[in-house]
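Colleague: Could you walk me through this one slowly? I'm still learning how to read such things.

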Amino acid sequence: MRSTIFALVICLGSAYGANFTLSQIKSYPFPNELAAAASGSRVVWAFNEQGLRNLWVAEGPGWKARQLTKYTRDDGQELTQVSLSRDGKWAVYVRGGDHGANFEDSLPVNPYGSAAPVRVQVWAVAWEGGEAKSLGEGENPVISPRGDTVAFVRERQIWTAPINGSAAAKRLFTARGDNGDPQWSPDGSRVAFASSRGDHSFIGVYSGADAPILWVAPTAARDSSPRWSPDGRLLAFLSERGEEKPQLCLIPADGGESKVLTKLP
């Protein structure tokens with residue numbers, strides 16, 4: 001897609017007599033992945049400048065941009081899935097992979113042909129700066145509302161790690177299927193997730209090592225995209241049955257009868 005855009009820009013430039021080079025086009029700075037803290041006035045974004053990808057931050061009311069990470073090599077490793085902790089003290093992101101490509105996002109990108117390619121990992125860096133901390137291989141990171149832990153997906157399971165990198169990541173639980181889309185409850189005590197079993201999928205809620213996983217309204221449908229209500233009492237999710245249009249459903253987070261709110265267009 002990007003190569004197509006470059007070719008189109010060059011053709012248009014030639015047609016209209018513009019005076020620029022291919023090197024100038026490819027080095028044009030490109031920001032993306034803008035995210036904001038839930039409280040305060042801090043924002044973070046990824047910035048690709050001449051192939052060097054880094055995170056930048058700014059804070060109101062001055063909004064003076066400041067480079068946060070210190071990657072100094074054009075190695076093709078994208079920065080995606082950027083987020084800030086609720087208090088804005090930590091930025092979390094995924095480095096590596098090719099998200100949005102035609103193949104598996106989590107496959108490493110290796111333009112230099114290195115014998116040991118860069119792994120797709122979750123990283124965290126403090127707002128004040130300093131060395132970024134690897135939280136381990138994985139993607140789709142979600143920061144706990146408490147701001148101390150990150151949940152992410154690795155090898156079809158949900159893992160967690162301290163946001164400051166003080167301990168190795170641990171698998172949160174073991175369950176069959178392809179488990180993903182972790183969502184913290186508003187108080188940070190539980191994690192809802194989707195568990196795909198091929199032709200059907202469930203919504204699960206993990207409440208702790210000593211409690212069994214609660215499977216919310218399990219059926220033969222394809223349930224996905226769990227989201228908590230602000231008070232943590234309810235879960236909304238999408239449910240697809242056969243050829244029917246997806247339904248938006250609501251259910252008590254501790255189980256019970258689900259209610260169809262609407263059918264999506």
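Modeller: Let me begin with a term: two strands count as paired if DSSP finds at least two bridges between them. Please also keep in mind that this is a predicted model.

Colleague: Okay, so how many helices and strands are in the protein?

Modeller: The protein has 2 helices and 20 strands, and 41% of its 265 residues are buried.

Colleague: Let's take the sheet with β1 in it. In what order do its strands come?

Modeller: The order is β1-β2-β3-β4, and these 4 strands make an open sheet with antiparallel pairing. The edges are taken by β1 and by β4, which covers 66-67, and each of them has a single partner strand, so one side of each has no neighbour in the sheet.

Colleague: And how many bridges join β1 to β2?

Modeller: There are 5 bridges between β1, which spans residues 30-36, and β2, and the two strands run antiparallel. Looking at individual pairs, Phe 30 has Asn 48 in β2 as its bridge partner, while Pro 31 is matched with Phe 47 in β2.

Colleague: What sits between those two strands?

Modeller: β1 and β2 form a hairpin with 5 residues between them, and in that turn Gly 40 has a positive phi of about 80°.

Colleague: What about the other neighbour of β2, how many bridges are there to β3?

Modeller: β2 is joined to β3, residues 52-59, by 8 bridges, and this pair also runs antiparallel. Asn 48, which is the bridge partner of Phe 30, stands opposite Arg 53 in β3. The hairpin made by β2 and β3 has 2 residues between the strands, and Gln 50 in the turn has a positive phi of about 55°.

Colleague: Is β2 mostly covered or mostly open?

Modeller: Strand β2, residues 42-49, is mostly covered, since 6 of its 8 residues are buried. As a general point, side chains in a regular strand alternate between the two faces of the sheet.

Colleague: Switching topic, which strands make up the sheet with β5 in it?

Modeller: That open sheet holds 4 strands in the order β5-β6-β7-β8, with antiparallel pairing. Here β5 (79-84) and β8 (133-137) are the edge strands, each with a single partner strand, so one side of each is left without a neighbour in the sheet. On average, neighbouring strands of this sheet are turned by 20° against each other, with direction ignored.

Colleague: How is β5 joined to its neighbour β6?

Modeller: The antiparallel strands β5 and β6, the latter covering residues 90-95, are joined by 4 bridges, and Thr 80 has Val 94 in β6 as its bridge partner.

Colleague: One more residue: is Ser 201 buried or exposed?

Modeller: Ser 201 counts as buried, because its relative accessibility is 7% and the cut-off for buried is under 20%. This residue lies in strand β15, residues 201-206.

Colleague: Which residues does Ser 201 touch?

Modeller: Leaving out residues up to four places away in sequence, Ser 201 touches Ser 195, Ser 196, Ala 221, Arg 222 and Asp 223. With Asp 223 there is also a specific atom to look for, as the side chain of Ser 201 reaches the backbone oxygen of Asp 223 at 2.7 Å.

Colleague: And how much accessible surface does the whole protein have?

Modeller: The accessible surface comes to about 14,900 Å², and 53% of it belongs to carbon and sulfur atoms.

How values were computed
Residues numbered from 1 in each chain as written. Predicted model: local features only at pLDDT ≥ 70, side-chain atom pairs only at ≥ 80, totals over all residues. Heavy atoms only, no water. Axes fitted to C-alpha atoms, helices over the stretch in contact; angles between N-to-C directions. Buried < 20%, exposed > 50% of the residue type's maximum accessible area, 1.4 Å probe, protein only. Areas by Shrake-Rupley, 256 points an atom, 1.4 Å probe, with all protein chains shown as cover. Polar contact = N/O pair within 3.5 Å; in protein donor to acceptor, adjacent residues only side chain to side chain. Contact = heavy atoms within 4.5 Å.
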